[in-house]
Amino acid sequence: MSPAPPYVELHAHSAYSLLDGASTPDELIARAGELGHTALALTDHDSLAGAMEHAMAARDSTAGEHPARAIFGAEVTIDSPAGGKSDGQRHVTLLVRNGRGWSNLCRLLTRAHAGTRDTNDRRAGQPSVALDDVLEHSGGLVCLTGCHEHGIEDEATARRLLDAFDPDSLRVELQRPYAAADMQRNRARERLAGKLGVPTVATGDVHAHSIERAQLQDAFVAIRHRQTLDASEMQLRPNDTHVLATPAGMAARFAEFPGAAAESVRLAETLTFDLGGDLGYRYPGAENRDAGRGLAGICHAELHR
């Protein structure tokens, strides 16, 4: 039996994070298995669009040499209160622990997208939910406090999350993009975790499964900002830390925070929800052989409407 990895990736974006992620779910799962990850969490921006593809790729991987289990979640955008970040938004990473968590995450994302078609809404085109929505739908979910630039860092908000998720389901998220002052930020987040009495957890904020695909991610960023590659230089990632790395490489990246890397493995072991098997879904009326004829009759009767 292979030794347990020192790290599991719990924050990864696929191409379903539109104009941001540069790899498909099946590419991410396959590469994760090759690199030695026992599991991979797909956490696209405000979306579960790639979840079933992620589940099927993980299922198929079990028949190969490099199996990797699928973990499900999303990076959810939260409206900031007045006086918050200048862009008006913060992010939390929500991971599904069980069927109740899946249901709550679906409800949150439905609510996040509900106002995006209203051109009179200031959030038009930008899915987001209020913090109170997240607190209300915390059951069955694990909350990580969010990414390097847009995560929850103030103690007051973090304590509200702690009250809703409890110490077993809240982790302060650390990332190491080798950006200016990121070590100071991680130390501050480690202190916050100490005040809350919860562990820190390391994540990679993955946006590509290979170095070659990182170039495509640069192009996506430029398109998103409606700029050329040269003009968008300040928005591009300065290095390749957003590329999926080996567990050993990620553990080394967080050498100053070894507990955070190890916590990713412990946490992954509790995230056992299986989209392909746990929902127990069946088509309503599937046991009725006359259901199709009945549905056709209803449709024809109502066609004039």
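1. Secondary structure first: the chain carries 10 helices and 6 strands. Keep in mind that this is a predicted model, so treat the points below as notes on a prediction.

2. On overall packing, 48% of the 305 residues in the chain are buried. Take the contacts between residues at least 6 apart in sequence: 77% of them join residues at least 24 apart. The accessible surface of the chain is about 15300 Å², and carbon and sulfur atoms account for 52% of that.

3. Now for voids. How many cavities of 30 Å³ or more does a search of the whole structure find? The search turns up 1. The volume of the largest cavity is about 50 Å³. As for which elements give two or more residues to its lining, they are strand 1 (39-45), helix 2 (51-61) and strand 2 (69-79).

4. Here is the lining of the largest cavity by residue: Leu42, Thr43, Asp44, Ser47, Leu48, Gly50, Ala51, His54, Phe72 and Gly73. Strand 1 supplies the largest share, with 3 residues. Sorted by class, the lining has 4 nonpolar, 5 polar and 1 charged residues. If you want to look at the spot on screen, Asp44, His54 and Phe72 are among the lining residues to pick.

5. Helix 2 deserves its own point. Which of its residues are buried? They are Ala51, His54, Ala55, Ala57, Ala58 and Ser61. These residues sit on the same side of helix 2, because the arc they cover around the axis is only 165°. Two of the names, Ala51 and His54, also turn up in the lining of the largest cavity, so that cavity and the buried residues of helix 2 can be viewed together.

6. What lies over those buried residues of helix 2? The cover includes helix 1 (25-35), strand 1, strand 2 and helix 3 (99-113). Strand 1 and strand 2 come up again here, having each given two or more residues to the lining of the largest cavity.

7. Last, a single residue elsewhere in the chain. Ala262 is found in helix 9, which runs over residues 258-270. Is Ala262 buried or partly exposed? Ala262 counts as partly exposed because its relative accessibility is 28%, and the buried class needs a value under 20%. Thr200 is 62 residues away from Ala262 along the chain, and the C-alpha atoms of the two are separated by 9.6 Å.

Note on methods. Residues are numbered from 1 along each chain as its sequence is written. This is a predicted model: local features need pLDDT of at least 70, side-chain atom pairs count only at pLDDT 80 or more; totals for chains, interfaces and linings use all residues. Side-chain values use heavy atoms; hydrogens and water are left out. On a 1 Å grid over the protein atoms alone, a cavity is a set of points where a 1.4 Å probe fits but cannot get out, and a pocket is an open set with protein on both sides within 12 Å along at least five of seven lines; lining residues have an atom within 4 Å of a point. Grid points are joined across faces, edges and corners, and a volume is the space filled by probe spheres set on the points. Helices (H or I, at least four residues) and strands (E, at least two) are DSSP runs, numbered from the N terminus. Ala, Val, Leu, Ile, Met, Phe, Trp, Tyr, Cys and Pro count as nonpolar, Asp, Glu, Lys and Arg as charged, and the others, Gly among them, as polar. Buried means under 20% relative accessible area, exposed over 50%, partly exposed in between (1.4 Å probe, protein chains only). Contact means heavy atoms within 4.5 Å. Accessible areas come from the Shrake-Rupley method with a 1.4 Å probe; for residues, only the protein chains shown count as cover. The arc is that of the directions from the helix axis to the C-beta atoms.
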